[in-house]
Amino acid sequence: MRSSTGRLPAALATAVALAATAVAPAAAAPSPSPDAGASSATGQGVTVLPPLPVRLGDGRPCTAPSGRTATGTTWAAPVLGLARAQRLARGAGVTVAVVDSGIAPDIAGLSGRVTGADGDCLGHGSFTASLIAAAPRTDSGVTGVAPGAEVLALRGTDARGVYSAGLVAAGIREAADRGAGVIYTGAALTDGHAELAGAVTYATGKGALVVAPAAPDALPEQDSGAGGAGGAGDTPPPNGPYWPAAAPEALSVVDFGPSGTRPDGAPTAHRPDLAAPGDAVVGSGPGGKGHYIASGSSLAAACAAGAAALVRERHPGLGPGQVMARLLRTAYPAGVPRLDPYAALSLDTGTGPARADAAPPARVPGPADTGSRNTALVVSGVCLAVIVLFGAAAAVVPRGRSRRWTPPGVG
């Protein structure tokens with residue numbers, strides 16, 4: 001894992017400043033009704049956004065499109081480094097399935113890129129789809145992580161936005177069969193683990209990466225009808241694991257906020273792989289141009305799903321496990337590693353596929369035949385001996401003849 005000390009605190013400082021001008025007033029102001037559509041601003045010229053409902057409950061009307069638009073950039077964009085990352089990839093050619101409460105058919109920023117958009121009573125599916133893939137707009141600085149990706153809307157909830165293991169598992173399998181490269185779901189369930197784990201394994205085998213939250217957005221006793229974790233209750237929260245995030249092949253994601261920490265009272269995450277912006281984030285409502293504000297790990301998982309789409313475009317040869325490994329190895333080191341899309345796109349992590357044109361292995365020649373070499377040495381030795389003998393004879397014979405072959409001193 002890379003080391004990049006000093007970068008994140010500066011990014012978070014920028015995020016806090018942006019949140020103070022664009023997001024924090026929405027959280028600090030008295031919560032308006034999620035159904036309110038009137039456009040208004042504070043005395044400082046800051047738009048107050050309505051909170052997205054966590055669940056509707058019986059008898060409550062469907063969430064209406066928001067009449068309030070966030071015009072500035074939200075805190076999450078600079079923390080994720082989206083300006084740099086989107087110069088390298090935008091998710092083009094990648095389909096992200098959103099297995100959630102549905103997607104409204106007329107969301108600004110997603111026009112023409114959503115298949116199966118047949119309505120969204122709760123608004124959660126529309127909100128998370130915009131976090132994943134909404135394109136920039138002239139009237140707003142809010143953008144999705146992968147604004148070039150295609151979106152496939154599939155139901156993982158009933159008509160009121162309540163998840164069930166059967167619907168989520170069926171949605172994951174259908175998404176894989178329909179060629180999704182990334183499958184997102186906001187579900188964090190404590191039941192149906194065998195069914196959900198089987199669906200994740202099936203999708204992985206089809207080449208899709210499943211991304212899901214490591215904790216629910218709110219506990220049942222915390223539900224106040226509007227976004228975020230709500231108030232504390234007397235019933236202790238479940239310990240997890242939460243499915244499908246707990247499946248070994250799934251990418252499990254937890255949220256953090258502008259301060260770099262999770263909000264007080266947030267449900268405890270179960271063994272998250274990765275952390276991403278999810279507290280006080282801004283996304284589209286169920287239809288129209290307006291925005292809502294919301295918090296939760298499901299929103300962090302949506303950001304991670306968008307980043308996975310960027311990686312799949314930039315590195316199309318990677319399988320789902322390799323995409324997940326790249327996101328984790330390039331994450332900013334922390335207690336739970338923090339998503340860094342630009343690093344995931346640009347750094348060499350060693351998680352790429354094997355090269356098809358790799359050089360063949362070197363061939364080492366066998367030992368040389370020593371027979372010819374030995375013969376040559378013998379011949380050379382004989383020739384040298386003959387030369388020496390002739391040289392000696394050339395010196396000795398004339399002297400012998402001059403002495404008539406008698407020993408020295410004789411005669």
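This is a guided tour of one protein chain, with a suggestion at each stop of what to select next.

**The whole chain**

Begin with everything displayed as a cartoon, and keep in mind throughout that this is a predicted model. The secondary structure of the chain comes to 11 helices and nine strands, and of its 411 residues, 49% count as buried. If you consider the contacts between residues at least 6 apart in sequence, 73% of them join residues at least 24 apart.

**Strand β1 and alanine 97**

Now select residues 95–100, which form strand β1, and pick out alanine 97 within this strand. Is alanine 97 buried or exposed? Its relative accessible area is 0%, and because buried means under 20%, alanine 97 counts as buried. Next add leucine 154 to the selection: alanine 97 and leucine 154 are 57 residues apart in sequence, yet their C-alpha atoms are 7.0 Å apart in space. To see what surrounds alanine 97, show Leu152, Ala175, Ala180, Val182, Ile183 and Tyr184, which alanine 97 touches when residues up to four places away in sequence are not counted.

**Three of the salt bridges**

The count of salt bridges comes to five, and three can be visited here. Select glutamate 174 and arginine 178 as sticks, and you will find a salt bridge whose closest N and O atoms are 3.0 Å apart. Glutamate 174 is partly exposed at 36% relative accessibility, and arginine 178 is also partly exposed, with a relative accessible area of 46%.

Move on to lysine 206 and aspartate 177, where the closest N and O atoms of the salt bridge are 3.7 Å apart. This pair links distant parts of the chain, since lysine 206 sits in the loop between α7 (193–205) and β5 (209–213) while aspartate 177 belongs to helix α6 (residues 165–177), 29 residues apart. Lysine 206 counts as partly exposed at 48% relative accessibility, and aspartate 177, at 48%, counts as partly exposed too.

For the third stop, select aspartate 255 and arginine 262, which form a salt bridge with the closest N and O atoms 2.9 Å apart. Here aspartate 255 is buried, at 2% relative accessibility, whereas arginine 262, at 27%, is partly exposed.

**Helix α8**

Select residues 297–314, which make up helix α8. How far apart should the ends of α8 be, at 1.5 Å a residue? Its 18 residues should span 26 Å, and the C-alpha atoms at its two ends are 26 Å apart, so the expectation and the model agree. If you then colour the helix by accessibility, 16 of its 18 residues are buried, which means that α8 is largely enclosed by the rest of the structure.

**Helix α9 and its surroundings**

Keep α8 displayed and add helix α9 (residues 320–329), whose buried residues are Pro320, Val323, Met324, Ala325, Arg326 and Leu327. Which elements do the buried residues of α9 pack against? They pack against α7, β5, β6 (251–256), β7 (274–277), α8 and α10 (341–346), so showing these elements one after another is a helpful way to follow the packing.

**The largest pocket**

To finish, switch on the surface and look for the largest pocket, which holds about 490 Å³ of space. Of the 20 residues that line the pocket, Arg55, Tyr163, Ala188, Pro216 and Ala218 lie nearest its centre, and selecting these five will bring you to the right place. The lining as a whole divides into 12 nonpolar, five polar and three charged residues.

Note on methods
Residues are numbered from 1 along each chain as its sequence is written. This is a predicted model: local features need pLDDT of at least 70, side-chain atom pairs count only at pLDDT 80 or more; totals for chains, interfaces and linings use all residues. Side-chain values use heavy atoms; hydrogens and water are left out. Helices (H or I, at least four residues) and strands (E, at least two) are DSSP runs, numbered from the N terminus. The expected span of a helix is 1.5 Å times one less than its number of residues. Buried means under 20% relative accessible area, exposed over 50%, partly exposed in between (1.4 Å probe, protein chains only). A salt bridge is a side-chain nitrogen of Lys or Arg within 4 Å of a carboxyl oxygen of Asp or Glu. On a 1 Å grid over the protein atoms alone, a cavity is a set of points where a 1.4 Å probe fits but cannot get out, and a pocket is an open set with protein on both sides within 12 Å along at least five of seven lines; lining residues have an atom within 4 Å of a point. Grid points are joined across faces, edges and corners, and a volume is the space filled by probe spheres set on the points. Ala, Val, Leu, Ile, Met, Phe, Trp, Tyr, Cys and Pro count as nonpolar, Asp, Glu, Lys and Arg as charged, and the others, Gly among them, as polar. Contact means heavy atoms within 4.5 Å.
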